[in-house]
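Open the model in your viewer and keep a selection box handy. We will go from one selection to the next, with a note on what is there at each stop.

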Amino acid sequence: MYGFLLPETYIRGMVKTPIITVKNLVKQYDDFTAVKDISFEVFEGEIFGLLGPNGAGKTTTLEIIETLRNKTSGEVIVDGFNVDTDAGSIKKRIGVQLQAAGYYPNLNLAELITLFSGLYGIKVSPMAMLEKVNLTDKAKAKYKDLSGGQKQRFSIATTLINNPRVVFLDEPTTGLDPQARRNLWELIKEIQKAGTTVVITTHYMDEAEVLCDRVAFVDGGHIIGIDTPDHFIDTLVASGFERKKEVKQANLEDVFINLTGKEWREG
Ligand SMILES: Nc1ncnc2c1ncn2[C@@H]1O[C@H](COP(=O)(O)OP(=O)(O)OP(=O)(O)O)[C@@H](O)[C@H]1O
């Protein structure tokens, strides 16, 4: 039997252990349903991408998993803990990017790390945390004086303070230049290599293709497809799809447009 009740799932011959299970999740804001009965699993150690247009329901879904937002119905399990009964245990096991407003303007980066680790009730070396994101030379700098890419790297460092099992990154490269984006991709891959599961939302299809082991396309509150980028693209190509004047015959953007019937647009 295949299903969400199994502790392990077989995907093309490989055993995968779910670290996040979302089952029949629904979120209503008054009479508007933003998330419409979605189910998916994220496997331990993977980089999992939630892709979709503005308003698709990605952030709402992430915030429910992160225990920051109440759901209307459905079940969410993170690392064996249920959001309904064990939100505190989930919070201890996950890394979430704070809003920039949380970065007290008078503190430098090292001091901010010390402050946040104190909030978690743990002791970390600020320089070791900054080393992870290649920001040791900015230890004494204020957050507001960082470049866009450095701000994102610092924000990612704050998600790693509690040595989380899963980190959630909501559009981590939006607004960054191509080089800063690539630096961030490297950082996200290093986080994965260190054994942490990564859940990411992005509008950039090239980013998802490079980074994600699997992606879920979200549209209008529904998940309309989940697979590996390669399998999505191979399936589209096998269906006869052909891209004009491109070396590769299709990319994830093509898969998205094919699935949603909409033009891709940046948010
Ligand atoms: N607090 C709220 N009250 C009412 N409606 C909301 C609220 N938060 C989100 N929504 C609506 O729910 C839908 C999904 O929003 P959500 O932010 O989850 O989408 P998203 O896929 O993350 O979009 P984006 O890519 O723009 O961040 C949108 O139509 C949004 O307007």
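Start by selecting residues 47-51, which are strand β5, together with β10: the two strands pair in the parallel sense over five bridges. For a pair to click on, pick Leu-51, whose bridge partner in β10 is Thr-202. Bear in mind throughout that this is a predicted model.

Now add strand β9, residues 166-170, on top of that selection. β9 also pairs with β10 in the parallel sense, over five bridges. Here the pair to click on is Val-167 and Val-198, the latter being its bridge partner in β10. How do you get from β9 to β10? Select helix α6, residues 178-193, as well: β9, α6 and β10 together make a right-handed β-α-β unit.

Stay with β10 and show residues 197-202 on their own. Is this strand mostly covered or open? Six of its six residues are buried, so it counts as mostly covered. In a regular strand, side chains alternate between the two faces of the sheet. Colour the two sides of β10 separately: Thr-197, Val-199 and Thr-201 lie on one side, Val-198, Ile-200 and Thr-202 lie on the other, and all of them are buried.

Next, widen the view to the nonpolar interior. The largest nonpolar core has 60 residues, and those with the most contacts inside it are Val-76, Val-78, Ala-157, Val-166, Val-198 and Ala-208. Centre on Val-166 and list its contacts. Leaving out residues up to four places away in sequence, Val-166 touches Ile-19, Ile-20, Val-78, Arg-93, Ile-94, Thr-196, Thr-197 and Val-199.

Time for the ligand. Which residues should you show around it? Twelve residues surround the ligand, and the closest are Tyr-29, Ala-34, Asn-54, Thr-59 and Thr-60. Two elements, β4 (32-43) and α1 (58-65), each give two or more residues to this shell. Of these, α1 gives the most, with three residues. Colour the shell by residue class and you will find four nonpolar, seven polar and one charged residues.

Move on to helix α8 and select Leu-236, which lies in it. Leu-236 is buried, because 21 other C-beta atoms lie within 10 Å. Not counting residues up to four places away in sequence, its contacts are Phe-241, Ala-250, Asp-254, Val-255 and Asn-258. Try a distance label here too: Leu-236 and Leu-259 are 23 residues apart along the chain, and their C-alpha atoms are separated by 9.9 Å.

From there, go to Arg-243, in the loop between α8 (229-238) and α9 (252-260). Is Arg-243 buried or partly exposed? It counts as partly exposed, because it has 14 C-beta neighbours inside 10 Å. Apart from neighbours within four places in sequence, Arg-243 is in contact with Gln-249, Ala-250 and Asp-254. Draw one more label, from Arg-243 to Asp-254: they are eleven residues apart in sequence and 8.5 Å apart in space, C-alpha to C-alpha.

Finally, zoom out and select the whole protein chain. Its secondary structure comes to nine helices and twelve strands. Of its 267 residues, 36% count as buried. If you draw a contact map, look away from the diagonal: among contacts with a separation of 6 or more, 61% join residues 24 or more positions apart.

Terms used
Residues are numbered from 1 along each chain as its sequence is written. This is a predicted model: local features need pLDDT of at least 70, side-chain atom pairs count only at pLDDT 80 or more; totals for chains, interfaces and linings use all residues. Helices (H or I, at least four residues) and strands (E, at least two) are DSSP runs, numbered from the N terminus. A residue is buried if 20 or more other C-beta atoms lie within 10 Å of its own, exposed if 12 or fewer, and partly exposed in between; C-beta atoms are placed from the backbone. Two residues are in contact if their C-beta atoms, placed from the backbone, lie within 7 Å. A residue is near a molecule or strand if its C-beta atom, placed from the backbone, lies within 6 Å of it. Ala, Val, Leu, Ile, Met, Phe, Trp, Tyr, Cys and Pro count as nonpolar, Asp, Glu, Lys and Arg as charged, and the others, Gly among them, as polar. A nonpolar core is a set of buried Ala, Val, Leu, Ile, Met, Phe, Trp, Tyr and Cys residues joined through C-beta atoms within 7 Å. Two strands pair if DSSP finds at least two bridges between them. A crossover is right-handed if, with the strands pointing away from the viewer, the path from the first strand over the helix to the second runs clockwise.
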